[in-house]
Amino acid sequence: MDPLPRVHMRGEFAGRPGRKVRYAVSLTEEELTFQQLKTAGAAARSGAVLHLRDCVGSRAFRGGGGGGGGAYFSAYFYPRRRRWTSPAESRQRTEVCFRVEPHREPHREPHREPHREPHREPHREPHREPHREPHREPHREPLEEAERWARAIGARSGVLYREVGWPCRMLLLLNPRSGKGHALSLFTSHVQHMLNEAGIRFTLIVTKQQNHARDLVREADLSQWDVLVIMSGDGLLFEVVNGLMEREDWEDAIQTPLGILPGGSGNALAASIHRYSGFQPVSGEQLLVSCSFMLCKGVVSRMDLTSVCMGSSRRLFSFLSLAWGFVADVDIESEKYRHMGAARFTMGTLVRLASLRVYQGRLAYLPAQESSLSPSVTAPPSATHTDMSPELQPSTLGFSSMRHSVGNSQSLGHTLHDSCNSNNSYKAERRDTCSVSSHGPPDSLLVPLDQPVPSTWTVVQEESFVLVLAMYQSHLAEDLVGAPSSALEDGIIHLIYVKAGISRSALLRLFLAMEKGTHLATSCPHVVYVKVRALRLEPYSPKGTITVDGELVDYGPVQAQIHSGLARLIAS
Ligand SMILES: Nc1ncnc2c1ncn2[C@@H]1O[C@H](COP(=O)(O)OP(=O)(O)OP(=O)(O)O)[C@@H](O)[C@H]1O
């Protein structure tokens, strides 16, 4: 049996102002417990056990004018609870506040174990301390005593800004146009008070236009900030990562811990870090509260970045995904449904399914080492482990010689040549416009795009695809788990491609299964999943859509290599 937790502090306090109820309060290393004291005529006696790991902060303050010289201490908890509206647990705010009265002889009552919240911890024997004479605390002024409690709670609440530095100086960049355009009001209603409760000071900058954040972090004196936080979709973080990597001092700059608060419609990284924290999936405001909570705790982890090199010799850094074909088209074309929030991807998927296309091109990759492959990895049956044949080498590819798909009887009739004719405005206009990044670690696994891939690479035999998707985090969007086995820093590109010939219904089933991340277990013969460290994609068409982290980039040959743990992110 576990030893009984040691009670560090114990006291009797009044509750909120204006209420006569008194509580026995005790603090162990892991829990704050309170139990209403019995009073004449009182029927129910409330109380609870709150886990300090769910606490973001605690503070003490003097009582108001009518307080009779007392002081208060409050503590702010965000335990996970199930709402009647949702089957999943989500973090919900609970504030406890106790009044330390001017000294008087305490009312004595044996400590009784209060009602414990039933759903969180395995059953434990009630905490019964052996009888001992109560330890008499020295007499303190109310404010002094309230501060002592607030400090003790704070010290045990696992706020881990140690690595970052405390007090933490946070720069928060918010894109007011992200998602449905409500990011600022979401920040005010859900995030701001939590940061205050955690004692985190922040400077908020609302971005004015595309590349505002990128220019700002590229030029800024970063020594003023301990953390750079983005409240937006994934696009604004893409700007910030690339702004940092464009600096002369990129090596230090990219060590600045980053934070992500979901304010967009995709929010794939936010959903990924929520998944890595091991909790049931949540979305929308519940995901925002979960990520805000992580931000308050300040646990810094390493995150992979992928360097993406384009034919134009531009190099970008990506933290999420590289997409071509169906997924990239849906991402860009669904911009016109932005008012629908996260549902825009569902809408976009249905529309694109109705006019499904086949995309022609060449795909090659460097498999991750056998030792790091999990048994679930599909060995692509039609991939060859060889150099590209000379006539297919990139330098000899005539990109205007686009090949049209034939496919099987169920296959999809359209080819890529009209795939860039989307009439969406916002995202299509904001094609990435950065300058070439000559900084960053060398891409030791890549050879120039005009040379054949090395002999250790695998060249995929198929040249007709419905989609090619390279992911380095688990989520493609809040509710799409594209790479369920991915981790923040696994040094792996999770490459998924779907070959031409898949039926519309099979593709729809694939996306439906992606909501739970079970799509790779569906054993659809058209779907290939392989873990790689680098890849090259050469579309045959002159026009089309490639997205990096959901952002439109120049179309054409592209190759990418993972750099394990290059960036740092607040996530637990
Ligand atoms: N004030 C602004 N007005 C217009 N565009 C902006 C502004 N601030 C940033 N941006 C642009 O918006 C892009 C960010 O969009 P972001 O991806 O973060 O949101 P989203 O598209 O709603 O979310 P998601 O990518 O998750 O769907 C950035 O790349 C930036 O170029």
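A nonpolar core is a set of buried Ala, Val, Leu, Ile, Met, Phe, Trp, Tyr and Cys residues joined through C-beta atoms within 7 Å. The structure described here is a predicted model.

**The core**

The largest nonpolar core has 149 residues, and the members that touch the most others are Val229, Leu237, Val240, Val241, Leu261, Tyr365 and Leu535. Helix α7, residues 284–297, gives the most to this core, with eight residues.

Leu261 is one of those well-connected members. Apart from neighbours within four places in sequence, Leu261 is in contact with Val191, Val229, Ile230, Met231, Ala270, Leu288, Cys291, Ser292 and Leu295.

**Helix α4**

Helix α4 covers residues 234–245. From its first C-alpha to its last, α4 reaches 17 Å, close to the 16 Å expected for its twelve residues at 1.5 Å a residue. Twelve of the twelve residues in α4 are buried, among them Asp234, Glu239 and Asn242 as well as Leu237, Val240 and Val241. Leu237, Val240 and Val241 also appear in the list of core members with the most contacts to other members.

**Helices α8 and α9**

The two helices pack with their axes 9 Å apart, at an angle of about 120 degrees. That angle lies outside the 65 to 115 degrees that count as roughly perpendicular and is not over 145, so α8 and α9 are oblique to each other. The crossing of α8 past α9 is right-handed. The table gives the residues that make the contact.

| Helix | Range | Contact residues |
|---|---|---|
| α8 | residues 326–333 | Phe326, Asp329, Val330, Glu333 |
| α9 | residues 343–354 | Phe345, Gly348, Thr349, Arg352 |

Conventions. Residues numbered from 1 in each chain as written. Predicted model: local features only at pLDDT ≥ 70, side-chain atom pairs only at ≥ 80, totals over all residues. Helix = DSSP H or I, 4+ residues; strand = E, 2+ residues; numbered from the N terminus. Expected span 1.5 Å × (residues − 1). Buried ≥ 20, exposed ≤ 12 C-beta atoms within 10 Å, placed from the backbone. Contact = placed C-beta atoms within 7 Å. Axes fitted to C-alpha atoms, helices over the stretch in contact; angles between N-to-C directions. Parallel < 35°, antiparallel > 145°, perpendicular 65-115°, else oblique. Left-handed = near helix turned anticlockwise from the far one by under 90°.
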